[in-house]
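Thanks for sharing this one. Here are some notes to read with the viewer open, point by point.

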Amino acid sequence: MATRVRRTTLTLPAAPLGPDNPLPALRAGQDLHRIEIPQDACLPADMARQIGCAPLRSILPARMRDGYGRTRRTTDLDALVIENDRLRATVLPGLGGRVHSLHHKPTDRELLYRNPVLQPAAFALNGAWFSGGIEWNIGATGHTTLSCAPLHAARVPAPDGGEMLRLWEWERLRDLPFQVDLWLPDGSDFLHVGVRIRNPHHHTVPVYWWSNTAVPEDEHTRVLAPAEEAWHFGYERTLRRVPVPHSDGADRTYPLRSEFPADYFYEVPDGARRWITALDADGRGLVQTSTDTLRGRKLFLWGAGRAGRRWQQWLTEPGTGGYAEIQAGLARTQLEHVPLDPGGEFSWLEAYGPLETDPAAVHGADWGAAREEAAARLAAALPRADVDAAYAAWLPYADHEPKESLATGSGWGALEVARAGAELPGTPFDAATLGAEQEPWLTLIGTGDLPAARPAPGPALVAPAWRDLLESARPGPATDYHLGLAQWHAGDRAQAVRSWERALGQGGGCLPLYCLAVAESVAGETGRAADRYAQACAEAARAAAGPDPAAREWRAVLPALAREAVPALLAAGRSDEAAQLLAGLRQTGQDDGRLRLLTAQVLLAQGQPAAAREIFDAGFEVAGLREGDEVLGETWYAIAERLVAGDGPVTEQVRAEARSEHPLPERYDYRMRPV
């Protein structure tokens, strides 16, 4: 059959994404990948340099996506299928361009881990993410902010005369356009993926890219790559060089032979072919390979421990099989960012397909023989020269204009084109995609001023070019509020505070108060931060009580604000105020797992550990629990210690008794590192 691209509908049990968090994302969040590098680590020079390259201070201009829950209902999702007589790839353009399925027709095998549900979880840099398939991660260390966002998609001519599926968007953390072209050469067993990232700016930009592939996992699954060493990163936040395959007494190329989640970044020698594969007991599985620009290869494993299994159940459907991830990136590790020169681009080609090997060889004790068997079978199925030739054939087609639009992404790329006039052949950011979110910023471009109004919940722009426009604009509450966001993002925190104070003095209301509360909290001004949070909550409550349509926006602000205000009030020793704030939210029907956890923490602070324990015993789920967050275990044991200690001090003996008498229930165990 001729290769073709077509529309379809994928029906899955899905938890709705819900609204974005209305508050600006001023905090960088929990930095799971912050590491302490010992002096004797002997990092390669380029690796050491790139690990320290331009870390994020916040996820601005993106907003947190934390409005989802855990209730799933049958949902129809728009999908695109690219298919030849050998493979069928199903892509979700509305969810980051995720390749949901890669089905090999001759063997009737699914090559990916295909998640049977769509359950958002707080793994992306901005929150919502889901597991399974192949995802395209761009921006900064972590899962992309586009994980659950729509991309532009279109049909494009393929190098062999057939059809190609193009996905593209404007990545806002680094202000870079990118594209992903997928096609299946006639008769090929391999999905070809051409990727291009361009820098249209006059300054160097740090670039991050990792293609993450979820693969089925059981006790026989083995991951192979052409390496004898790897960089091990665990959630203890350490990076160390380890031998492959055996490390700390076990063969770590079998994901279930580790207890805790971990990353293994393989040290692929210069000049060696870049590939990675996950194989089952019969020596069959998926292989990924690429041109040399995509140098890194990685295994991520959940491990066989209780917490790793619990996370897998959280991300999918209990009772279904687990998964591991095999990944490929621009650098050795995901802790690095690679500089891209002004006007420059990175481009490469990836290929994904089935691999069949001799199981005795790939599961044998001789690591060298296992690698050689996989490499030889890959060379027979898809020679390295063919991958290089396919890349050369694709590159001229990267600029071809789309023939037919299949899906629409955001209007942010069109706004950047309107501001700077960038010409980006092959990835049109059409003015027709501009919408209400971009309207105030179009006014700023056209008139030099933002519309005169109080700051309202909504998107922000913080890049240097937008900061320049805001600094030149007429002062006002909205202008000064947004200027403060841009200054905060750039690290000019004193200037940001002055801008927010000006906005507040001009009647800016809740949002400048919130920003000042965060600034004072970060500065360690616990009491002042609590005062600001309380004032911001009062302002939001007044705005939410109004009769105008804008009151609905402010009603969404209240629970988001309370989730930050309650910990600030507790830190200041004001537990009664925190309790009143939560009680007010419950009266408005605002109640979820996050607020129940806060209620337990407030009760503990008020000297009521038994009442706090009752909340845990009744059961709750925190839908937005962040990757690596230990707050459930910490709160549980803090309650247990107070129950054991009574009115006495919490000693080491009390802590030991608390852990013995009140073990953490499995439903609350999400610890990703040894205790």
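1. Let me start with terms: a residue is called buried under 20% relative accessible area, exposed over 50%, and partly exposed in between, using a 1.4 Å probe and protein chains only. This is a predicted model, in which local features need pLDDT of at least 70 and side-chain atom pairs count only at pLDDT 80 or more, while totals for chains, interfaces and linings use all residues. Residues are numbered from 1 along each chain as its sequence is written, and side-chain values use heavy atoms, with hydrogens and water left out.

2. On the aromatic rings, the pairing rule takes Phe, Tyr and Trp (its six-membered ring) with centres within 6.5 Å; planes under 30 degrees apart are stacked, over 60 edge-to-face, and the rest tilted. The count by this rule is 23 aromatic pairs. One of them is edge-to-face: Phe-123 with Trp-311, at 5.1 Å centre to centre and 90° between the planes. Its partners come from distant parts of the chain, 188 residues apart, with Phe-123 in strand S6 (residues 121-124) and Trp-311 in helix H2 (residues 306-315). Here and below, helices (H or I, at least four residues) and strands (E, at least two) are DSSP runs numbered from the N terminus.

3. Are the two partners buried or exposed? Phe-123 is buried, with a relative accessible area of 6%, and Trp-311 is buried too, at 0%. Both rings belong to one aromatic cluster, together with Trp-129, Phe-300, Trp-302, Trp-314 and Tyr-670.

4. Two arginines deserve a look. A charge is taken to sit over a ring if NZ of Lys or CZ of Arg is within 6 Å of the ring centre and within 35 degrees of the ring normal. The charged end of Arg-70 sits over the ring of Trp-314, 3.6 Å from its centre, and Trp-314 is a member of the cluster just described. Likewise, the charged end of Arg-172 sits over the ring of Trp-412, 3.8 Å from the ring centre.

5. Now for helix packing. Axes are lines fitted to C-alpha atoms, for helices over the stretch in contact, with angles from 0 to 180 degrees between N-to-C directions. Helix H12 (residues 526-544) and helix H13 (residues 551-571) have axes that come within 9 Å and cross at roughly 160°. How are H12 and H13 oriented to each other? They are roughly antiparallel, given that angles under 35 degrees count as roughly parallel, over 145 as roughly antiparallel, 65 to 115 as roughly perpendicular and the rest as oblique. H12 passes H13 in a left-handed crossing, which means that the near helix is turned anticlockwise from the far one by less than a right angle (clockwise would be right-handed). Among the residues making the contact (heavy atoms within 4.5 Å) are Ala-530, Tyr-533 and Cys-537 of H12 and Trp-554, Leu-558 and Leu-561 of H13.

6. A second helix pair is H9 (residues 477-489) with H11 (residues 510-522), packed at an angle of about 25° with their axes 10 Å apart. H9 and H11 are therefore roughly parallel to each other, and their crossing is left-handed. The contact is made by Tyr-481, Leu-485 and Trp-488 of H9 and by Leu-511, Pro-512, Cys-515, Val-518, Ala-519 and Val-522 of H11.

7. Trp-488 merits its own point. This residue of helix H9 is buried, at 2% relative accessibility. Leaving aside residues up to four places away in sequence, Trp-488 touches Leu-26, Arg-493, Ala-496, Trp-500, Val-518, Ala-519 and Val-522.

8. Please check the backbone at two prolines. A cis peptide bond with omega of about 10° joins Leu-60 and Pro-61, and Pro-61 is in the loop between helix H1 (45-51) and strand S2 (73-83). The peptide bond from Val-244 to Pro-245 is also cis, with omega near 10°; Pro-245 lies in the loop between strand S17 (238-243) and strand S18 (246-247).

9. Two aspartates have a positive phi. For Asp-108, phi is near 55°; this residue is in the loop between strand S4 (98-104) and strand S5 (109-110) and is exposed at 57% relative accessibility. For Asp-248, phi is near 55°; Asp-248 is in the loop between S18 and strand S19 (250-251) and is exposed, with a relative accessible area of 58%.
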